Amino acid sequence: MRTDTAPTISRHDYQPYPYRLPQVKLSFDLDPARTRVHAQLVFESASAGWQPLVLNGQDLELESVAIDGRPLRADEYVLQAETLTLHPRADRYTVDIVSVCKPEQNSSLMGLYVSGSQLFTQCEAEGFRRITWFPDRPDVMSQYQVVLRADKQKYPLLLSNGNLLEQRDLPDGRHEARWEDPHPKPCYLFAVVAGDFDCREEQARTQSGRPALLQVYSDRGSGGKTLWALECLRRSLEWDERRFGLELDLDRFMIVAARDFNMGAMENKGLNVFNSSYVLADKDTATDAAYRAIEAVIGHEYFHNWTGNRVTCRDWFQLSLKEGLTVFRDQEFSADMLAQGLSGAEAASARAVKRIDDVSTLRIAQFPEDAGPMAHPIRPESYQEIGNFYTATVYEKGAEVIRMQHTLLGEEGFRAGLEEYFRRHDGQAVTCDDFVDAMESVYVQKHPGKNLGVFRRWYAQAGTPRVAVDLRYDADAHACAVTLTQRCDPVGIEKLQDPPAEKPPLHIPFALGMLDRSGAALKPELDGTARDTVLLELREAQQTWTFRNVPERPVLSLLRNFSAPVIVEYERPDTELMLLAGHDTDPFARWEAGQELATRRLLALVGALRQGQDPAADTALVETWRRLLGDAALTPAYKARVLSLPAEKELLEKTSPMDPLGVVQARRQLRAQLGAALAPEWLSAYHSAQDAGDYSPDPLSAGLRSLKNLALSMLMAGAHPQAETLALEQYYGAGNMTARMGALSALVNHSKSPECAQALSHFYEQWQHDPLVMDKWFALQATAPGTTVETVRALMLHPAFSLRNPNRARSLIFQFCMNNLEGVHHADGYAFWAEQVIALDELNPEIAARLARAFDNWARFAEPQRSALRSALQSIQDREKLSRNVAEIISKALK
Ligand code: 0A1
Ligand code: ZN
C-alpha cells in the first residue's frame, strides 16, 4: 500500500536486462507462517562493463546475501522498499539469497499464499518478487531446479514445474521433493503447490508417440468432479496437434484447483493452477454454461504452453501477444467442439453460437472499456500497475485482432504464419510486432505489393471504430456501389489532448453479402468473380466498391460473422432487418438483424418511458419472434440466442445520457409483452425441448435445455397462469443443475410468492456445503429484482460469506454492483460500492481494482446520478492509503 503517486511506466522506455540468468536453484522450507527461501542465481553479463544488479522484492525479510559464496556486509548492498541492488565485479557470478515470506499474512493471493490448508503460488504478472529477490520481468528466462520441504502430514503432495526427480522423507515428520524444469522460462511461469489433494490421471500419447501423464488435482473429496476437466485437457492436447500441429513438450501436465484464486486460471509451465470454478463439474452442481467455460479455460491455459510459454512476452506491454492469440485459439477450440460431427449449415450454426457469445462478451465488456477513462490500445503505451491491464481490451479485442489476421490470411495462411512465428522465435521473449512480421511474411506472398503496415495500427489505437455504409443502386446497369467510411472518435485521455490526437484509418476486413427482396441470397460480382460473401479490405478513410450482376436493389448483410471489432452505421427500415432475421444465410448476421430490431424497439421504449408515455404494442418484433420460434430449421441452441433480447449493459451503452432504470424497465416490459403475446408458442417450445435420458453436456442436449429455460422465463415474464407451477415442478424434479438453476432463476426473477422463497431456501439447504453452488445462490439473490443495499448487507452477514474469497466477493458484491442496475443506481448503492472497494483494497488490491472499475462510465449519467457517482469516486480517492491498483483506476476515472 502506498499513498504517493505511483510512477508511470512507458513502453518506449524498455531496456534489455544487462544480465542473463541461465540457472536458478530454489529451495523452500514451506511453512504457512514463515517460509524460508534460498535462491541460488547464476548471472552472466549481457552488456559491456559491470552493471549494478537490481533485483525486485516485495514484503520479504532478507536474511542473507552472498556473491560467489562470500556473505555481503550491509554496506555492500542497497536494500530499498522494493529493490535490492548489488554491485558485482565479475562477468559471471553466483548470488545466494536467503529470505522469508509469510504466506498466511498474504491476502493478496499474489506470490506464495494459503488457501484453506493448502499452499499455492501466483506469479504473473509480478508475484514472483513476493517469493524471493529476483529480476521479476518476462525477458529473463532460466532453467529452474526446485527443492520443496514441508511437513509430510499436512502437505503430502509437493508440486512444482517440470519433472519430479526425487522424493524422500526427512527427520521430524518432514519430507522433500526435487523438481527440475528442462524448459527455460520467465519467473512469472514458476509455480509451487503443496497440500493434500485428490488426483485423477490419465496416460496420453502425443502425435509423435511421446507418453504424457495428464493429472487433475482437487480438494480431498472432490475428485468425483474432475472427469470433465481431464477430458477437456485430453481434447485440448489433440486439438492443438490437429489444428496447428503443436505438440506437448512435457512428460507431465498438471492442473490444480484452488478455492481462492484471483482470476480464472494460470498457465504455469506444466503446472497450471486453476480457480476451482473452472475445474469442478458434475451434473448436480454445474450448469451447461459452467461445463463450456471449463472447456474454454482448460483449452486456454493448455494452448498457452506454445503461445505464451514457448514464445513469451518481452515486456508486459506485449501482453496481448500471448493473451489475444491464446483467446483466439480457445475460441476456435470451443467452436470446433460445438461443430464436431456436423457439416454444412448445421456446423455453421453451431460455430455461430460461439461467435454470438464471444461478440456479446466483447460488446458488454470491451466496448464500454474502449469508450471510457481506461481506454487503451491492445498494446498499451503506459501503465502504473500492470495488474490493471489484464483487460477485455488486451484479451478480447486482442483476440479480434488475431482473428482479423486469420480472416485476411485464411486458415492455411494463418497456420503457415504461426509456423513461421515459431520457427523464428521458439524459446524467445518477443513483441507483438514480431508476431505480425511472421504473419506478414505469408500475407505478402498472397497479396503482392501489399503488406500489413496499416493493419499494425490496431495495436496502437484505442477506441471502437465506426464504419458507415452507403449503398447506391443503378437499376439500368444492374450495378451497385457500396461505400464504407471509417472514423474513430477520441477516447479516454485522448479527449483531453489539444489538438486532438490523429487517428489514421485502420485496415478493416469487412465481410458483406446481399439478399433480394424475397430473402434469397444474391451472388454479386466483384472484379469478375461472383461470391455469396465478399471480403472487402477497407484501408482508407473512405472506399467504394462497385458490384455487377445485381438484379435489384439489394438488402445488405453487413459485417458477416463480425469480421472486425467495429460498430456499423447504416440507416435502413425495420422491414430489411425483419427480412435478414428471417433469411440471412450467415447465421451471425441473421442473429444480429434480430438484435438490431429488438434494440430499436427497446430504445424507443426507454425514450417513451422517460417522457412518461405508454407506447403502443409492437407487432413487427412479435411477428419476427413468432416466425423464429416456429422455424423448424433452426437448432435449439441457436434459437435460444436469436430469441434472447440484448443485455441490459449493451443497451445502456446506447443511451445518452445513460439511463439504467429506463433500460431495466424497457427490457422488462418487452419481455413481458413477448412472453404474453407468444405464450402458446413458448409453451409448446417448452414442452418439445426435452433432453432425453441421462445428463450429458453435449451441445445438442445443452441447446435443448437453454431453449427450454428461455421458454420458461418468458412464460414467467408474460405471467402465464401455468408458469409458476411449471417452474416449481422443474425445480423440484430437476435431474441436473442446468434445469434446477433455470427454474430457480425464473422464479427468483419473476415471482415474490412464498413457494419461490421456499425453493430458494431448499436450494440453500441442499447445497450449503458446496462452495461453487453457494456462489450461485449468492449471485442469484444479488441480481434479483427488488434486491437493495440492505439485502446485500444482510447476505454479507451470512456465515458463508467472506470478502477474502474472490469467488464469494464476486458472486455477491460484484454481481450487485455491476449487474443489478436497478439495485445499485442510487446514492446508497454508490456509497456501498465505495465502501466495498476500500474494504477489499485492504485485503486484495487486484480484486479491489476490478470492483473499482464498476463506474468508469460515471460521467455519462444524468444528474443526480452523475454527481453522486463522482462523490463516491472522490471518497475513495480521498483515502489516505490506497493500493497502486485502485489509485490508478480512480485517478483515471476522475481525470
Ligand atoms: N495468464 C492468465 C491470467 C492471469 C493473470 C494474472 C493472474 O494473477 C493475478 C492470474 C491469471 C491467463 O490468461 O489465463
Ligand atoms: Zn491467457
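## Helices α14 and α16

Two residues are taken to be in contact if their C-beta atoms, placed from the backbone, lie within 7 Å. In this predicted model, contacts of that kind join Arg705, Asn709, Leu712, Ser713, Met716 and Ala717 in helix α14 to Thr738, Ala739, Gly742, Ala743, Ala746, Asn749 and His750 in helix α16. Sorted by class, the residues of this contact are six nonpolar, six polar and one charged.

Helix α14 covers residues 699-717 and helix α16 covers residues 737-750, and the two pack at an angle of about 15 degrees with their axes 9 Å apart. Angles under 35 degrees count as roughly parallel, and α14 and α16 are therefore roughly parallel to each other. Their crossing is right-handed.

## Helix α4 and its two partners

Helix α4, which spans residues 344-371, packs against helix α8, residues 587-610, at an angle of about 50 degrees, and their axes are 8 Å apart. The two helices are therefore oblique to each other. On the α4 side the contact is made by Ala348, Ser349, Ala352, Arg355 and Ile356, while α8 contributes Pro587, Phe588 and Trp591. Six of the residues in this contact are nonpolar, one is polar and one is charged.

Helix α4 also meets helix α3, residues 319-339, and here the axes come within 8 Å and cross at roughly 145 degrees, in a right-handed crossing. The residues that make this contact are Gln331, Ser334, Ala335, Leu338 and Ala339 of α3, together with Ala347, Ala350, Arg351, Val353, Lys354 and Asp358 of α4. By class, the contact of α3 with α4 has six nonpolar, two polar and three charged residues.

## Regions named in the UniProt record

Three domain annotations, each from an unreviewed entry, can be set beside the model. UniProt places "Aminopeptidase N-like N-terminal" at residues 26-189, a span that is 0% helix and 54% strand in the model, with its end C-alpha atoms 14 Å apart. For "Peptidase M1 alanyl aminopeptidase Ig-like fold", UniProt lists residues 463-571, where the chain is 0% helix and 46% strand and the end C-alpha atoms are 22 Å apart.

The annotation "Peptidase M1 alanyl aminopeptidase C-terminal" covers residues 574-895 in the UniProt record. In the model this span is 72% helix and 0% strand, and its end C-alpha atoms lie 41 Å apart.

## The surroundings of ligand 1

There are 13 residues around ligand 1, and those that come nearest are Gln122, Glu124, Asn262, Met263 and Met266. Two elements, β20 (265-266) and α2 (288-304), give two or more residues to this shell. The residues of the shell divide into four nonpolar, four polar and five charged.

Glu124, one of the residues that come nearest to ligand 1, also takes part in a cis peptide bond, for the bond from Glu124 to Ala125 has omega near -10 degrees. Ala125 is found in the loop between β11 (118-122) and β12 (142-151).

## Further backbone details in loops

Another cis peptide bond runs from Ser656 to Pro657, with omega near -5 degrees, and Pro657 is found in the loop between α11 (648-653) and α12 (660-677). A separate detail concerns Asn549, whose phi is near 60 degrees, a positive value in a residue other than glycine. Asn549 has its place in the loop between β32 (542-547) and β33 (555-558).

Terms used
Residues numbered from 1 in each chain as written. Chains lettered and ligands numbered in written order. Predicted model: local features only at pLDDT ≥ 70, side-chain atom pairs only at ≥ 80, totals over all residues. Axes fitted to C-alpha atoms, helices over the stretch in contact; angles between N-to-C directions. Helix = DSSP H or I, 4+ residues; strand = E, 2+ residues; numbered from the N terminus. Parallel < 35°, antiparallel > 145°, perpendicular 65-115°, else oblique. Left-handed = near helix turned anticlockwise from the far one by under 90°. Nonpolar A, V, L, I, M, F, W, Y, C, P; charged D, E, K, R; others polar. UniProt positions renumbered as here; feature names shortened; annotations may be inferred. Near = placed C-beta within 6 Å.
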